[in-house]
Amino acid sequence: MGRDLAGNGRSVNLINLSGNHVRGRNYSVQSRGRFRRNDNSSDEDSDFDSEGESVQPFANENSKFGRNVRKLGSSASLGKYDVKIIKRRVPLNSLDEESDFAQQVESIRYELSKKNAAGNEGGEDRELEETILSGKRFDGCGISPLTVKALTSAGYIQMTRVQEAALSVCLEGKDALIKAKTGTGKTAAFVLPAIEAVVKAKTSNTNQRVSPILVLILCPTRELASQIAAETNVLLKYHDGIGLQTLVGGTRFKEDQKRLESNPCQIIVATPGRLLDHIENKSGLSVRLMGLKMLILDEAGHLLDLGFRKDIEKIVDCLPRQRQSLLFTATIPKEVRRISQLVLKKDHAFVDTVGLGCVETHDKVKQSSLVEPHELHFQIVHQLLMEHISQSPDYKVIVFCTTGMVTSLLFHVLREMKMNVKEMHSRKPQLYRTRISEEFKVSKRLILVTSDVSARGMNYPDVSLVIQVGIPSDRDQYIHRLGRTGREGKEGQGILLLAPWEEYFLDELKDLPVEKFPTLRLDPGTKLKIEDSLAKIDGSVKEAAFHAWLGYYNSIREIGRDKTTLVEQANQFCQSIGLQKPPSLFRKTALKMGLRDIPGIRIRK
Ligand SMILES: Nc1ncnc2c1ncn2[C@@H]1O[C@H](COP(=O)(O)OP(=O)(O)OP(=O)(O)O)[C@@H](O)[C@H]1O
């Protein structure tokens, strides 16, 4: 295990990648891990982790929490919740240990916790735990009646907890960092204030020569952008004249431009790479962005994970300073704090609907781990799937793999075994990805084998089981992947399958309710079927999986620093996927990975 800099049991690794510039000062980012990005694709299968930061409690403050809050000295009451209002100082220099830039940023923290009713022996608590809904209705929260009408026809009557909390702060015009568990309705929590911002701006200013973009929503992946756009359009149903456009990689740039010019567009949902292309292309978008009222970042931390920092800095430079900015996330890794400094005002609100010290995963999702050698993994995945299918006739399963190429290999194996399976990763063309994503949304009795492109934000309803094969890039990624099941307060199941040498990762999850999976009795017949399937799969698929596997694990510090063990494990993985000998590496690649002279590595002649 590496040094625990974040103080939360996570081990981090330092590679200084870049020297960036924040508000006129030198600022260096320390990060670890593989760092790749397609130019406009925005969501390359990627893993990335970085340096830690400590946030120190500063003092309680008597502060206002929007119109719904009754002040209670240093805490307040919001519906069923107690709200602690804490002013914090975040020392910027702890983000950046190499810089002498020592400035303290203050942020106000709104911490929601359930009211501890006297005499309640857990009954009401349990009830609250089981629902993500708050007691408040949309028709009483002061938003536009046309939006309420759309919410009602979409079946949204009561707000979820995060929506109740976020609306109060956002409608006041405050910048905010908002944390809520996966699948609890964060999308509507930012779409509603976004629509309000447009409605307000439209009524106050109708005579502008260039029609301004009023709201910009940035998110890390193309699928997530389409999902946010779809949900926004549902809530815009009765708002004539308010238009939304999506700007993501993998589509025709010229077509984007045409749509922007000819269709109403007050709201843009974009991935950062493609948006920046438009801004730099001098297509007139930067002028329209000067009228921006609200900037929203969904899955804020992941935007930095994927290396979008520079793009976001450039985008933020093009936006007016007088705007409201909102950051939404299910976890608060260091990247989120970094991005909040880039985007939010110093006195922003921090709305935490999870609560300090509370488990970030859902009680209704049963979590377990299974540690078995590589050569059994395909067999185990197959058996887990078969058992789940027999118990859940309407099964819907997501299997996460470490990389896109390993995803592709597992997909081929399962397809050969006649499982009802689809694959999703960044090597697939955009049209295919969109089609599979739409299909999986509405399907039952289907298995999606995927890389991390589906890990965050994707709302596939009623996923009954999430299997994670191999260590996730970090603890947050484990939580986000797991969060694809048990959404909207429903039940779910998550299984993490590790090889014995990966078992150390369980330490990072020790505060989560992860149980040991009961011993599996493997069917010997399956072994033969797997071997049979592997034999039918093209060698190039297996070779690509091996190379990707090696690259992924080499990028994880705890593993990558012991190259000899890594190569030994890689060679075992190689045998487990039916390759006689490990595929060779280009000399340059081996050198870059620090593997050139490691026994067991073959160099391409
Ligand atoms: N007020 C509401 N009433 C009923 N259902 C709702 C409400 N708000 C959201 N939902 C539903 O809850 C589901 C999860 O919402 P959403 O995708 O916004 O979650 P999220 O918190 O953004 O998750 P993630 O952290 O994974 O991105 C969606 O199916 C959405 O339609």
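This is a walk through the structure above, from the whole chain to single residues. Keep in mind along the way that the model is predicted.

Let us begin with the overall picture. The protein chain has 605 residues, and 48% of them count as buried. Its secondary structure comes to 20 helices and 24 strands. Contacts often reach far along the sequence: among those between residues at least 6 apart, 72% join residues at least 24 apart.

Some stretches carry labels from UniProt. An unreviewed entry there gives residues 136–164 as a short sequence motif, the "Q motif". The UniProt feature "domain: DEAD-box RNA helicase Q", also from an unreviewed entry, is placed at residues 136–164. In the model, this stretch is 45% helix and 17% strand, and its end C-alpha atoms are 7 Å apart. Further along, UniProt lists residues 380–534 as "Helicase C-terminal", again in an unreviewed entry. Here the chain is 37% helix and 19% strand, with 15 Å between the end C-alpha atoms.

Now look inside. In soluble globular proteins, nonpolar side chains tend to be buried together. The largest nonpolar core of this model has 137 residues, and those with the most contacts inside it are I178, A194, I217, L327, V399 and L410. Helix α4, residues 186–204, gives the most to this core, with nine residues. You can take V399 as an example of how such a residue is surrounded: leaving aside neighbours within four places in sequence, V399 is in contact with V381, L410, I447, V449, I467 and V469.

Helix α4 turns up again at the ligand. Which residues are closest to the ligand? They are T182, G185, K186, T187 and N459, out of 20 residues that surround the ligand. The elements that give two or more residues to this shell are β10 (158–160) and α4. By class, the shell has six nonpolar, 11 polar and three charged residues.

Next, follow a helix from end to end. Helix α17 runs over residues 539–554, which is 16 residues, and at 1.5 Å a residue it should span 22 Å; the end C-alpha atoms are 22 Å apart, so the model agrees with the expected span. Several residues of α17 are buried, including K542, F546, W549 and Y553. What covers the buried residues of α17 includes α13 (404–416), α18 (557–560) and α19 (563–576). As background, an α-helix has 3.6 residues a turn, so residues three or four places apart point the same way.

Two single residues make a useful pair to visit. Is L303 buried or exposed? L303 lies in helix α9, residues 300–305, and counts as buried because it has 27 C-beta neighbours inside 10 Å. Beyond its neighbours within four places in sequence, L303 is in contact with L218, P220, P272, L297, F308, I312 and I339. L303 and V351, which are 48 residues apart in sequence, are 20 Å apart in space from C-alpha to C-alpha.

The other residue is S283, in the loop between α7 (272–280) and α8 (285–289). S283 counts as partly exposed because it has 17 C-beta neighbours inside 10 Å. Once neighbours within four places in sequence are left aside, S283 is in contact with Q257 and H278. From S283 to M386 the sequence separation is 103 residues, and the C-alpha atoms are 53 Å apart.

Finally, the backbone has a detail to show. Most residues other than glycine have a negative phi, and most peptide bonds are trans. R445 is not a glycine, yet R445 has a positive phi of about 55°. You will find R445 in the loop between α14 (430–442) and β21 (446–450). With 12 C-beta neighbours inside 10 Å, R445 counts as exposed. E488 also has a positive phi of about 55° without being a glycine. The place of E488 is in the loop between α15 (475–482) and β23 (492–498). E488 counts as partly exposed, because there are 14 C-beta neighbours inside 10 Å.

Notes. Residues numbered from 1 in each chain as written. Predicted model: local features only at pLDDT ≥ 70, side-chain atom pairs only at ≥ 80, totals over all residues. UniProt positions renumbered as here; feature names shortened; annotations may be inferred. Helix = DSSP H or I, 4+ residues; strand = E, 2+ residues; numbered from the N terminus. Expected span 1.5 Å × (residues − 1). Buried ≥ 20, exposed ≤ 12 C-beta atoms within 10 Å, placed from the backbone. Contact = placed C-beta atoms within 7 Å. Core = buried A, V, L, I, M, F, W, Y, C linked by C-beta atoms within 7 Å. Near = placed C-beta within 6 Å. Nonpolar A, V, L, I, M, F, W, Y, C, P; charged D, E, K, R; others polar.
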